[in-house]
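Reader: I've just opened this one and I'm new to it. Could you walk me through it, one question at a time?

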Amino acid sequence: AKYRLPMAMVSGARIADAAGEEHSGDDSVDASSDEGEDEDEEAPVEADELLPGALVRLSGLQSRAADIYNGALAVLRRFDGDSGKWVVCMQQGRLARVPPRCFELLLLVRPGMVLRIHGLVSTAGAERFNGTTAQVLSWDEAVGKWRVRLF
């Protein structure tokens, strides 16, 4: 079965790495890291490596109006090449354009990753899907959710 999941359902998700070991999305473990890299040194993610659906924490916003969003979680929706900024969706559903220097990457979800769904709060969804393992298929820009295949 294929389902669409909002990023909030996979933030902090249990992610299986290439060796099949699970890690929390909140851990500093990169489930897609290459062998041979220095584990103590985290390589910065280049702007062209970011993908819609990635979970970020906003920081470095300096205007009075935007300062209140520092520390807020957001999901990358799409890159606006004209402005050089990412359109992000904050937890409250508000959309904003944010330059890459003003967010910290928390979880880079990619098609093919295996994750465990958690954090659903609706009675039907929580009972049925929390704890379910799923494989990420693709990002659905129209609805701002990941398409996944449940195991």
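Reader: What is the mean pLDDT of the protein, and how many of its residues reach 70 or more?
Author: This is a predicted model, and pLDDT is the predictor's own confidence in each residue. The share of residues at 70 or more is 68%. The mean pLDDT of the protein is 74.

Reader: Where does pLDDT stay under 50?
Author: Where pLDDT is low, the predicted coordinates should not be read in detail. The model does have 41 contacts beyond four places in sequence for the stretch in question, but pLDDT stays under 50 there. That stretch is residues 11-42.

Reader: How many helices and strands are there, and in what order do they run?
Author: The protein has two helices and eleven strands. Start at the N terminus and read along, and the order is β-β-β-β-α-β-β-β-β-β-α-β-β.

Reader: How much of the protein is buried?
Author: Let's take the outside before the inside. The accessible surface comes to about 9,300 Å², and carbon and sulfur atoms hold 46% of that. As for the inside, the protein has 151 residues, and the buried share of them is 35%.

Reader: Which strands does β6 pair with?
Author: Strand β6 covers residues 85-90. Six bridges tie it to β5 (residues 73-80), and the two run antiparallel. Four bridges, again antiparallel, tie β6 to residues 95-98. So the partners are β5 and β7.

Reader: Which residues in the turns of these hairpins have a positive phi?
Author: The β5 and β6 hairpin has four residues between its strands, and in that turn Gly-84 has a positive phi of about 75 degrees. The hairpin of β6 and β7 has four residues between its strands too. There, the residue with a positive phi, about 90 degrees, is Gly-93. The two names are Gly-84 and Gly-93.

Reader: Why is β6 largely enclosed by the rest of the structure?
Author: A residue is called buried when its relative accessible area is under 20%. Trp-86 is at 3%, so it counts as buried. Cys-89 makes the cut as well, at 19%. β6 is largely enclosed because its buried residues number five of six.

Reader: What stands opposite Trp-86 in the neighbouring strands?
Author: Residue Trp-86 has a bridge partner in β5 and one in β7. The bridge between β5 and β6 pairs it with Phe-79. In β7, the residue standing opposite Trp-86 is Val-98.

Reader: How many aromatic pairs are there, and are they stacked or edge-to-face?
Author: A search of the whole structure turns up two. Phe-79 and Trp-86 sit 5.5 Å apart, centre to centre, with 65 degrees between their planes, which makes that pair edge-to-face. For Trp-139 and Trp-146 the centres are 5.3 Å apart and the planes are at 70 degrees, so that pair is also edge-to-face.

Reader: Which of those four aromatic residues are buried, and which is partly exposed?
Author: Trp-139 and Trp-146 are both buried. In the other pair, Trp-86 is buried at 3% relative accessibility. Phe-79 has 40% relative accessibility, so the partly exposed one is Phe-79.

Reader: What is Val-98 in contact with, beyond its neighbours in sequence?
Author: Val-98 is found in strand β7 and is buried, with a relative accessible area of 4%. Take Leu-61: it is 37 residues away in sequence, yet the C-alpha to C-alpha distance to Val-98 is 8.6 Å. Leaving aside neighbours within four places in sequence, the contacts of Val-98 are Leu-58, Leu-61, Lys-85, Trp-86, Val-88 and Phe-103.

Reader: How many disulfides does the structure have?
Author: A disulfide is a covalent bond between the sulfur atoms of two cysteines. Cys-102 is buried at 5% relative accessibility, and Cys-89 is buried too, at 19%. Even so, the search of the whole structure gives a count of zero.

Reader: How far is Gly-53 from Cys-89 in space?
Author: Gly-53 lies in the loop between β3 (22-24) and β4 (55-58), and is buried at 0% relative accessibility. Cys-89, for its part, has Leu-95 as its bridge partner in β7. Gly-53 and Cys-89 are 36 residues apart in sequence, and their C-alpha to C-alpha distance is 9.6 Å.

Terms used: Residues are numbered from 1 along each chain as its sequence is written. This is a predicted model: local features need pLDDT of at least 70, side-chain atom pairs count only at pLDDT 80 or more; totals for chains, interfaces and linings use all residues. Side-chain values use heavy atoms; hydrogens and water are left out. A disulfide is a pair of cysteine sulfur atoms within 2.5 Å. Buried means under 20% relative accessible area, exposed over 50%, partly exposed in between (1.4 Å probe, protein chains only). Accessible areas come from the Shrake-Rupley method with a 1.4 Å probe; for residues, only the protein chains shown count as cover. Two strands pair if DSSP finds at least two bridges between them. pLDDT is the predictor's confidence in each residue, from 0 to 100. Contact means heavy atoms within 4.5 Å. Rings of Phe, Tyr and Trp (its six-membered ring) pair if their centres lie within 6.5 Å; planes under 30 degrees apart count as stacked, over 60 as edge-to-face and the rest as tilted.
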